[in-house]
Structures are given as structure tokens and as C-alpha cells.
Amino acid sequence: MVEFLGGAHDSAPAFLSIHSGAGGTEACDWVSMLLRMYTRWCEQHAYKKTLIDIQEAEGGVKSVTLQVEGDYAYGFLKSETGIHRLVRISPFDANKRRHTSFASVFASPVLDEQIEIDIKHEDIRIDTYRAGGAGGQKVNKTDSAVRITHFPTGIVVQCQNERSQFSNKATAMKVLRSRLYEYFKDQQDEEKKKVESEKKDISWGNQIRSYVFQPYNLVKDHRTKHETGNIQAVMDGKIDQFIEAYLHSVWIKGQSS
């Protein structure tokens, strides 16, 4: 797949964020399932993954951000950016009805410190709060978690994995720089601007991929039309086929333009 990667930051590590959308408790469970899927994918490729932030909710996870380090991590994971749709019989529904849930996935490169992104002090607000989570030793219970809001773009980033407020702020700023880089790059690319607008509505009609558990088993990417009936393998992290199909389609478009 590396032959299809030629972007300026394709070889860089990546920040990978997953957010719940339409579907309530179901959507939070769906984020948990996607987190497991990407975690397994990282393990299969011997990529290092670091939990930057997680916001748990009833039924699962409301949002989560990982830093993924390994060869071409961003180059591969950028293909996962978009809305992911789940169709299944809800384990939370006593009447065993079929539910549809949505989650957004967004990948951005971890930037080299030499790349300058102008972040004005007056354009951001920094809030501190107490880290939440399942408890135990994995979560810091002091008010050291940091949330940064960038007013001009509306981008909000959070970090709670470090023990000190200073470290969390540094990491959160790093994530913000990465997100702003992608934001401004998308501003200059009409196709990517369309994708960005779609990501704002995590619901019907905007999905890049559907995962159907009932009434049949099918995972289908709506951009490339690539599909498989082995949904369990996909949920266990076997997503290279979808990544390769997407990268190949982008490469083909680039060759013909």
C-alpha cells in the first residue's frame, strides 16, 4: 500500500479521533466497537497507540482520541476519516428491534515542530477539569485535564492522559496544531471541503462506510464500493482491504487528473 502514499505527511504519526453521532446509547457503544477495531488494527501492525483523551458515557464511549505511531500511520488512517454507520439488532432494546447508529472518525497528522501553525492567544480558551473514566490507576482524578477551544474554527481538543496539567496542555496544543493544519489544508481543496462539511452531520446520508449485522452481514465502503461479508474479521481489525481500496482509488484519480 505504501506505493499509493505520497502526501507531505503520509509517513507521520497520526491523531485518530472517534465521536458518537445520532443514535444515543447505541452510538456510544458503536464508538467503543470502532475503538476496539482500530486498536486491533494497530496491534496487528505493531503500531504504538497512546490514549490522549476519552469521554465515557452510558453504554460506551462518547468520544476518544488516540495517538498512533508507526510507519505511515497517518497515510493509512486518513482513509478512515468520515462517518461510519452501524446497523444491527440493538442489545439495549428489549423488543429486539433493528437500530442504526453513527460515529465520525477523523485522522490528522502529528506535525513536525518546525511546521508553523499560527495560533493566536486571543483565539483560544483553555479550560481545566477533572479527568473522568472508569477509575483505578489509569485515570488521573485531579483537575489536570485540559480542554482547548479554538474560536475561529470551532475546533475543540482535550487531553487527560498525563499526570500534570502542564503536560496535558502541551499535548492538547499539539493536537490542536494538527487539527488546524488539516482544517486549513481542507480549505484549499474543494473535495476535502465537501468531506469536512459532511463530517459536521454525523447521521443519515453522509456515511463513508456501512457495517450491517442484520438482516445480513456486510461491510461496504460507499466511496470505493469495496465490500465483504466477513464482518467479524473487520471488527477484529482486518480493515487493510478497505484502506488499500481507498488509497488506490485516490491514486488512480491523481494519475488521471
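The following exchange between a trainee and a mentor walks through a predicted model, from its sheet to its aromatic pairs.

Trainee: In what order do the eight strands of the open sheet follow one another, and which are the edge strands?

Mentor: The pairing in this open sheet is mixed, and its order is β2-β3-β1-β5-β4-β9-β10-β11. An edge strand pairs on one side only, and this holds for two strands, β2 (48–57) and β11 (227–228).

Trainee: Within that sheet, how many bridges join β1 to β3, and which residue of β3 stands opposite Phe15?

Mentor: Strand β1 covers residues 14–20 and β3 covers residues 60–69, and the two run antiparallel, joined by six bridges. Opposite Phe15, the residue found in β3 is Gln67.

Trainee: Which angle does helix α1 make with β3, and which does helix α3 make with β5?

Mentor: Helix α1, residues 25–44, lies across β1, β2, β3, β4, β5 and β9, and its angle to β3 is about 20°. Helix α3, residues 165–187, also packs on the sheet, where it touches β1, β2, β3 and β5. The direction of α3 makes an angle with that of β5 of about 95°.

Trainee: What separation do the C-alpha atoms of Lys62 and Ala103 have?

Mentor: Lys62 is found in strand β3. Leaving aside neighbours within four places in sequence, Lys62 is in contact with several residues, among them Ile18, His19, Cys28, Val31 and Gln55. Ala103 is 41 residues apart from Lys62 along the chain, and their C-alpha atoms are separated by 9.3 Å.

Trainee: Why is strand β8 described as largely enclosed by the rest of the structure?

Mentor: Strand β8 spans residues 155–159, and Cys159 is buried, with a relative accessible area of 0%. The strand has five residues, and it is largely enclosed because the number of them that are buried is four.

Trainee: How is β8 joined to β7, and which residue in their hairpin takes a positive phi?

Mentor: Strand β7 (residues 145–150) runs antiparallel to β8, with five bridges joining them, and one bridge partnership is that of Arg147 with Gln158 in β8. The hairpin has four residues between the strands, and the residue with a positive phi, near 80°, is Gly154.

Trainee: Over which ring does the charged end of Arg147 sit?

Mentor: Arg147 has Gln158 as its bridge partner in β8. The charged end of Arg147 is 4.4 Å from the centre of the ring over which it sits, that of Tyr129.

Trainee: How many disulfides does the model hold?

Mentor: A disulfide is a covalent bond between the sulfur atoms of two cysteines. Cys42 is buried at 2% relative accessibility, but with a cut-off of 2.5 Å between cysteine sulfur atoms the count of disulfides comes to zero.

Trainee: How many aromatic pairs are there, and what is the geometry of Trp30 with Tyr211?

Mentor: The count comes to five aromatic pairs. In one of them, the rings of Trp30 and Tyr211 have their centres 4.9 Å apart and their planes at 70°; planes over 60 degrees apart count as edge-to-face. The pair links distant parts of the chain, with Trp30 in helix α1 and Tyr211 in strand β9, 181 residues apart. With planes at 70°, the pair is therefore edge-to-face.

Trainee: Are Trp41 and Tyr47 buried or exposed?

Mentor: Trp41 and Tyr47 form an aromatic pair that is edge-to-face, 5.4 Å centre to centre and with 85° between the planes. As for their accessibility, both residues are buried.

Key
Residues numbered from 1 in each chain as written. Predicted model: local features only at pLDDT ≥ 70, side-chain atom pairs only at ≥ 80, totals over all residues. Heavy atoms only, no water. Pairing = 2+ DSSP bridges. Contact = heavy atoms within 4.5 Å. Axes fitted to C-alpha atoms, helices over the stretch in contact; angles between N-to-C directions. Buried < 20%, exposed > 50% of the residue type's maximum accessible area, 1.4 Å probe, protein only. Phe/Tyr/Trp six-rings, centres within 6.5 Å; stacked < 30°, edge-to-face > 60°. Lys NZ or Arg CZ within 6 Å of the ring centre and 35° of its normal.
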